[in-house]
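Colleague: Hi! Could you walk me through this model? I'm new to this, so please explain the terms as we go.

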Amino acid sequence: MPNTLAHLGLHALATRGVIRDAPYGWIWLGCVLPDLPWIFQRVLRAVPLDLSPIDIRLHAIVQSSLLFCLIGPAAFALLAARPGRVFAILALGSALHLLLDATQTKWGNGVILAAPVDWQVTNFGLYWPEHGVTLALTGLGLAWFVWAAVKPGAVIQARLPVRRRIGLAVPLAAIWLIGPVAFWSAAERADAHFTGTLRAVETREARTIAFDRAGVTRDSGDARLRVWTGETFAVTGMALPDGAETVSVQGRFATPDTVLITALHVHAKGWRDLMSYLGLALVGAWWLLAGLNVWRGRHRGAQLR
């Protein structure tokens, strides 16, 4: 998926073109909502608990589908003074996020747009993360954020939502957080992100496989593929290039623990993650400043608009 900064400028341009004077804070939140499941996935995998990486992945796949990317915005919008308008901003942002993600090449990855009717992954594969399109979008996002931040009164002036709104938001938030469990099996049957193939260790030989941004490890000179399940695989067919740290591959299982690579792409080292962390930090800082306005009581009577 494009890094977080790459979303900010395009989202602001599109959202303000549809919804006049849409507050930037809500636009930025709409940019990152579909990424929250993948952030939670990383946190859960870092926790020393006996959790199945495939189940964690399935939860993120379902929760980041368009269906749940509309439930989450509904919960957040109830905290605003104008929930209908804010829901429109967040829902549009979530849909734009998924569509932009689908344009980038991600072997063994992608977005789900038609759930629960169809759990097939959508990926148009138009350009790689290192392509000039991504670089241009990243520059646009950073420039637009800086321009928006320096405008007087740009940051949302906020106050805490009234209790009745919280009571309505909590059930929706619970559905957004827990509801994906009900659809794990459907996503796995569709082999989304090859979850079904990877679960069936004993029968995956000769089955097609692809990995997006897998790691490369080297043990005694032999390069192996380290994937999101925590497994490492020997490779055949095509060698992993010297110096490569992150690669995308397509191929099939030659044996349950060996991947025959038929296509390979080497990714730039660390650039995408750095731009995503910077984008998330900027969005977090924007909302932190809004929260500080509440705490300091400088804007009595103002609301999350």
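Modeller: Happy to! Let's begin with a term: axes are lines fitted to C-alpha atoms, for helices over the stretch in contact, and angles run from 0 to 180 degrees between N-to-C directions. Helices (H or I, at least four residues) and strands (E, at least two) are DSSP runs, numbered from the N terminus. This is a predicted model, where local features need pLDDT of at least 70, side-chain atom pairs count only at pLDDT 80 or more, and totals for chains, interfaces and linings use all residues. Residues are numbered from 1 along each chain as its sequence is written, and side-chain values use heavy atoms, leaving out hydrogens and water.

Colleague: Cool. At what angle do H5 and H6 cross?

Modeller: The axes of H5 (residues 66–77) and H6 (residues 83–103) cross at roughly 150° and come within 8 Å. The two helices are therefore roughly antiparallel, a label for angles over 145 degrees (under 35 is roughly parallel, 65 to 115 roughly perpendicular, the rest oblique).

Colleague: Which residues of H5 and H6 meet there?

Modeller: Contact means heavy atoms within 4.5 Å. On the H5 side, the residues include Leu66, Cys69 and Phe76, and they meet H6 residues including Val86, Phe87 and Leu90. By class, the contact of H5 with H6 has 14 nonpolar, 1 polar and no charged residues. Here Ala, Val, Leu, Ile, Met, Phe, Trp, Tyr, Cys and Pro count as nonpolar, Asp, Glu, Lys and Arg as charged, and the others, Gly among them, as polar.

Colleague: And how do H1 and H2 cross?

Modeller: The axes of H1 (residues 4–18) and H2 (residues 24–32) come within 9 Å and cross at roughly 130°. That makes H1 oblique to H2.

Colleague: New topic: why is H4 called largely enclosed?

Modeller: Because 9 of the 11 residues of H4 (residues 53–63) are buried, H4 is largely enclosed by the rest of the structure. Buried means under 20% relative accessible area, exposed over 50%, partly exposed in between (1.4 Å probe, protein chains only). Among the buried ones are Arg57 and His59.

Colleague: Is serine 276 buried or exposed?

Modeller: Serine 276 counts as buried because its relative accessibility is 11%. This serine sits in H11 (residues 271–296) and touches Asn3 and Thr4, not counting residues up to four places away in sequence.

Colleague: Last one: what do the strands form?

Modeller: A closed barrel of 5 strands, running E1-E2-E3-E5-E4 with mixed pairing. Two strands pair if DSSP finds at least two bridges between them. E3 (residues 232–236) and E5 (residues 258–266) pair in the parallel sense over 3 bridges, and threonine 236 stands opposite leucine 260 in E5.
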